[in-house]
Amino acid sequence: MSDIIKKEDQVLLFLDSRRTYLIKVKKGQDFHTHKGFIHLDDVIGKRYGDRVKSNLGVDFVLLKPTIRDYVMKMVRRTQIIYPKDMALIVLHTGIGPGSKVVEAGTGSGALTSYVAHYVKPDGCVYSYEVREEFVETAKKNIEKAGVLDYVKIKNKDITQGIDEKAVDAVILDLATPWLVVPHAYKALRGGGTFSSFSPTIDQVVKTVEALEEARFVDVETIECLTRRIKVKRDQTRPETFMVGHTGYITFARKTL
Ligand code: SAH
């Protein structure tokens, strides 16, 4: 992996953790911020981690975007899966390089991009989305995140069935996951993992009941709360405001 920034590379311009800009390095162009503009020609040939000055003399750090940066900067057509929840989904589903994963609904493509990032270079994500109008935005978002090669988007209703067989994981973020459970059972390999993200507890109860009926084991539902800590000598404490709720995540594994 090259440390040197070339034209057309994507770079995260970092002013502070609240003010970051994801840009593509275009020859001969300027990028404007409220702290002045940056000549993108000045960025070419620098290394990730270097600094560049705006015309007002303000320093920006040049960072290599992570999958989290790409997702947090995506164009949103739907609610997206947040990093705190995704981290747990990756660990509990056991996905990794080479995994074959079925996922739905694609929505804005945030979850799809995360999964694709973890299964590359030889894995694949089959992502189902029932609403055609979401497919194009999602594709653009996934492409920008650099992982479209590992994704196949299918404009289909996943409650009607899953085409793939012997998959390693089925990962859901849609309104009626319990209707997908019987199809997930058929699509998964023995021991394959199921994961479903739902904002409401009513969805969770129906999904867990369906999983127990369908011979899944290790059924577990969790919620993840994260608190940001303000760190400063003699003033260190949690920040006053936090995100109170995103959703519950249910996990299970298939028995034969
Ligand atoms: N996980 C996505 C957001 C999903 S929002 C992200 O991180 O960006 C839920 C999506 O599921 C919506 O786009 C909706 O159209 C889609 N959906 C709902 N029911 C579906 C079904 N039965 N089959 C396929 N997609 C479905």
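This report describes the two largest pockets of a predicted model.

## Ground rules

Local features need pLDDT of at least 70, side-chain atom pairs count only at pLDDT 80 or more, and totals for chains, interfaces and linings use all residues. Residues are numbered from 1 along each chain as its sequence is written, and side-chain values use heavy atoms, without hydrogens and water.

Rolling a probe the size of a water molecule over the atoms shows where empty space is left. A pocket is an open set of points on a 1 Å grid over the protein atoms alone, where a 1.4 Å probe fits, with protein on both sides within 12 Å along at least five of seven lines. Lining residues have an atom within 4 Å of a point. Points are joined across faces, edges and corners, and a volume is the space filled by probe spheres set on them.

## The largest pocket

The largest pocket has a volume of about 920 Å³. It is lined by 21 residues, and Ser17, Arg68, Met72, Pro83 and Arg228 are the closest to its centre. Domain 1 (10–65) and domain 2 (69–254) both give lining residues, so the pocket lies between them. The domain bounds come from an automatic or database assignment.

Strand S1 (10–16), helix H1 (67–72) and helix H2 (83–93) each supply at least two lining residues. H1 gives the largest share, 3 residues.

## The second largest pocket

The second largest pocket has a volume of about 540 Å³. Its lining has 30 residues, with Gly105, Glu129, Asp173, Leu174 and Ala175 nearest the centre. Strand S7 (100–104) and helix H3 (110–119) each give two or more. Helices (H or I, at least four residues) and strands (E, at least two) are DSSP runs, numbered from the N terminus.
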